[in-house]
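Work through the exercises below with the sequence and the 3D view open. Try each task before you read its solution.

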Amino acid sequence: MKPKDSVKPYFNPYFGGILLGGLLLLTFFLTGRGLGASGAAKSTVVATVDKVAPKYAEENHYLGQFLSDDKHPMNDWLVFEVIGVLAGAFLSGALAGRLTFKVEHSPKITSRRRLIFAAIGGLLFGIGSQLGRGCTSGAALTGMAALSLAGFVTMIFIFGTGYVAAYFFRKNWI
Amino acid sequence: MGPLIPQDIINPAWSNAIAVLIGMGFGFILESCGFSSSRKLAGVFYGYDFVVLRVFFTAAVTAAVGIFFFNYMGWLDARMLYINPYYINGAIVGGIVMGLGFITGGYCPGTSYCAAAIGKIDAIVFSVFMMVGILLFSLVYPLIENFYNASSKGPVLIYEALGMSPAVFLAIFVVIALVAFIVTSRIEKKVKKVEY
Amino acid sequence: MKKAYIFLSILMVIIAISLLILPRYQKESEVLPDELLAHIADPSRYLTTDKVAEMMISQDPSLLLIDTRDSIQYREYHLPGAFLVPVADITSEKYNDLLNQDGKVIVFYSNGDLAAEQAWVLSKRMGLNEIYVMKDGLNRWMETIIRPEKPAETASSKELDLYQFRLGASSYFGGGNTVAVTTSTAAQPVVFQKKEKKGAKEGGC
C-alpha cells in the first residue's frame with residue numbers, strides 16, 4: 001500500500017473546470033455533440049439483454065427502440081467515450097497514487113451500509129437517467145453548455161432534490 | 001468551420017476514435033478534481049466541499065461562453081450543435097429521481113465510472129445497480145410510456161424561453177457563477193471540515 | 001492563490017460586461033455581399049442552350065432544370081423534365097427540399113434571362129453552389145434548338161458541327177417547323193430524393 005504522502009493532491013477545481021469546459025467546447029467543435037455517461041450504461045443493458053434473451057429484447061418497448069439491424073447496440077459514440085473515461089480516470093488515479101480497492105464511507109457508518117446505499121442510489125439513478133433522458137454529464141453539464149432549457153431544468157431538479165433530501169441522509173455523510 | 005464531423009470536414013469514421021480520446025480527457029480531469037470520491041461529491045449538499053459546484057459551473061460557463069465566442073467569430077456554427085429536447089415530465093421527475101440517487105449513492109454515472117476505474121468498490125456497486133435500474137425502467141416502461149413521451153417542447157434554448165438574447169443570458173450566467181463561487185467559499189470556511 | 005482568484009474574478013466580470021455591450025451579430029445564413037458580387041461578375045454561371053440540350057439528351061441524372069416563370073407559362077410550354085419554381089416563391093419552405101438535394105446541378109431558365117438571373121442570385125444567397133443560368137432562356141432555346149439557324153456555306157467546321165447537333169436536338173425535342181410544341185400537360189415529375197437532412201443531429205445522454 002502506498003504511504004499517505006505519496007498521494008498527490010487534487011487539481012484546483014477552477015482550473016479543472018476550465019479544462020473540462022475547454023474539453024467540452026472541443027467536443028462540440030469536433031463532433032457537434034457534447035459528453036454523456038448514462039447512455040453507455042443503457043447501451044450495455046440493451047446489448048446484454050439482447051445477448052441473453054433476444055426475443056424479449058425486441059419485445060420490450062423501451063429496449064427495442066435501441067436495437068437496429070445494422071448496428072450493434074454497443075457501437076455507440078457514448079460507449080467509446082466511456083471506455084475512454086475509464087482509461088483516463090485510471091491513468092489519473094495511477095499517476096496520483098490513488099489506485100486502491102476500498103469502500104469509501106464516512107467513519108460513522110459501516111461499509112455494508114455504504115454499499116447498500118450505493119446500490120439504492122445506482123438503482124434510482126438508472127431509473128432517473130432514463131426518465132430524464134440524460135444524467136448530470138449529458139443532460140445537465142452538456143445541456144447547460146449548449147444553453148438548452150432541458151439541461152437547466154434537469155440540473156435544477158437534480159440538485160434541488162439533493163439539497164432537500166440531504167437532511168434525511170446526513171448520517172451517511174457527516 | 002466547426003462542427004467538423006457533421007460537415008464531413010473530418011471523416012465520420014474517426015468519430016469513435018475521437019470519442020475515446022475525449023473520454024480519456026474527461027475521465028482524467030474528473031478524477032484529478034476529486035470526482036472519484038463519493039464523499040467529496042456529497043459535500044456540495046452539506047457545505048463541507050463545494051468542488052462539484054466549482055468544477056461544474058466553471059466548465060458550463062467556459063463551454064457556453066466558448067461556444068458563443070466561436071459562433072460569433074464564425075469558427076463554429078452553433079445552429080448545428082445538438083440541443084437536447086425538452087420533455088417537461090421527464091426533466092422534472094427524472095431530475096427528482098436522480099437527485100435522490102445522488103444523495104443516497106453519492107455518485108452520478110460519469111463519476112461512478114471514474115471512481116470504479118480507480119478501485120472504489122462502492123462505485124462499482126453503483127454502476128452495476130444503475131444498469132439494473134435501467135433494466136427495471138424498461139420493464140415498467142409500458143406503464144409510463146405516455147407520461148414519458150408527453151409534453152415535448154423540442155430543443156428549446158433557455159434564452160428563448162426566458163425571452164432574452166443569448167449574450168445577455170450568458171452575462172447573467174457568468175455573474176451568477178461568480179457570486180456562487182464567492183458565497184460557497186464563505187460557507188465552506190464556516191462548515192465543519194470532514195476528513196476523507 | 002488569492003491573487004489568481006482575484007484575477008479570475010475580474011476576468012469573469014470583464015467577460016460579462018463584454019457580452020452585454022457586444023454588437024448584435026448578423027446570423028450568417030447568407031453569402032456575404034462581396035462574395036456575391038464576385039460570383040455575379042463571374043460568367044461561368046451561364047450555360048448555353050446547346051450545353052443544356054446535351055445534358056438533357058444524354059439523360060444526365062444530376063441535371064435539375066428549374067422553370068422560374070409562372071404556372072400559366074409553364075403549362076403552355078416547359079422544357080421536358082423541368083420543375084416549376086416561380087422566382088417569386090423560390091425562398092419559400094416548400095421548395096427547400098427540391099433545391100437542396102445533394103449532387104444535383106441546378107439550371108434556371110426563363111423566357112429571357114431576367115427571372116432566371118433573379119432566381120440564381122437568390123439561390124446563391126441561400127448558399128447553393130451548383131447553380132447555373134441557361135443563357136438567354138427559352139427565347140434562345142427556340143432559336144438554337146427548336147429552329148436552328150442554318151449557318152452560311154463559309155462557316156467553320158465547328159459551326160457546321162454545332163448546326164448538326166442542333167438539328168438532331170431539334171428533332172429530339174420535337175421541333176422542326178412547329179412553333180408551339182405540344183406540351184406535356186402532365187404534372188411535373190414528382191420523384192426527387194428527399195435529401196438526407198444534413199446533420200441528423202446525433203447527441204444526448
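**Exercise 1. Find how far apart in sequence the contacts of chain C reach.**

Solution. Take the contacts in chain C between residues at least 6 apart in sequence. Of these, 67% join residues at least 24 apart. Two residues are in contact if their C-beta atoms, placed from the backbone, lie within 7 Å.

Before going on, note the ground rules. This is a predicted model, in which local features need pLDDT of at least 70 and side-chain atom pairs count only at pLDDT 80 or more, while totals for chains, interfaces and linings use all residues. Residues are numbered from 1 along each chain as its sequence is written, and chains are lettered from A and ligands numbered from 1 in the order in which they are written.

**Exercise 2. List the elements of chain C and lay out its sheet.**

Solution. Step one: count. Chain C has eight helices and five strands. Helices (H or I, at least four residues) and strands (E, at least two) are DSSP runs, numbered from the N terminus.

Step two: read the order. From the N terminus it is α-α-β-α-β-α-β-α-β-α-β-α-α.

Step three: build the sheet. The five strands of chain C make an open, parallel sheet, ordered S1-S5-S4-S2-S3. Strands pair if DSSP finds at least two bridges between them.

Step four: find the edges. S1 (46–47) and S3 (83–84) of chain C each have a single partner strand, so one side of each is left without a neighbour in the sheet.

Step five: check one pair. S4 (residues 105–109) and S5 (residues 131–134) of chain C run parallel and are joined by three bridges. Here C:Phe108 stands opposite C:Val133.

**Exercise 3. Locate the buried side of helix H3 in chain C.**

Solution. Step one: pick the buried residues of H3 (residues 49–57). They are C:Thr49, C:Val52, C:Ala53 and C:Met56. A residue is buried if 20 or more other C-beta atoms lie within 10 Å of its own.

Step two: compare directions. These residues cover an arc of only 100° around the axis, which puts them on the same side of H3(C). The arc is that of the directions from the helix axis to the C-beta atoms. An α-helix has 3.6 residues a turn, so residues three or four places apart point the same way.

Step three: name the partners. The buried residues of H3(C) pack against S1, S2, S4, S5, H7 and H8 of chain C.

Step four: look past the helix. C:Gln59 follows H3(C) and has a positive phi, near 55°.

Notes:
Buried ≥ 20, exposed ≤ 12 C-beta atoms within 10 Å, placed from the backbone.
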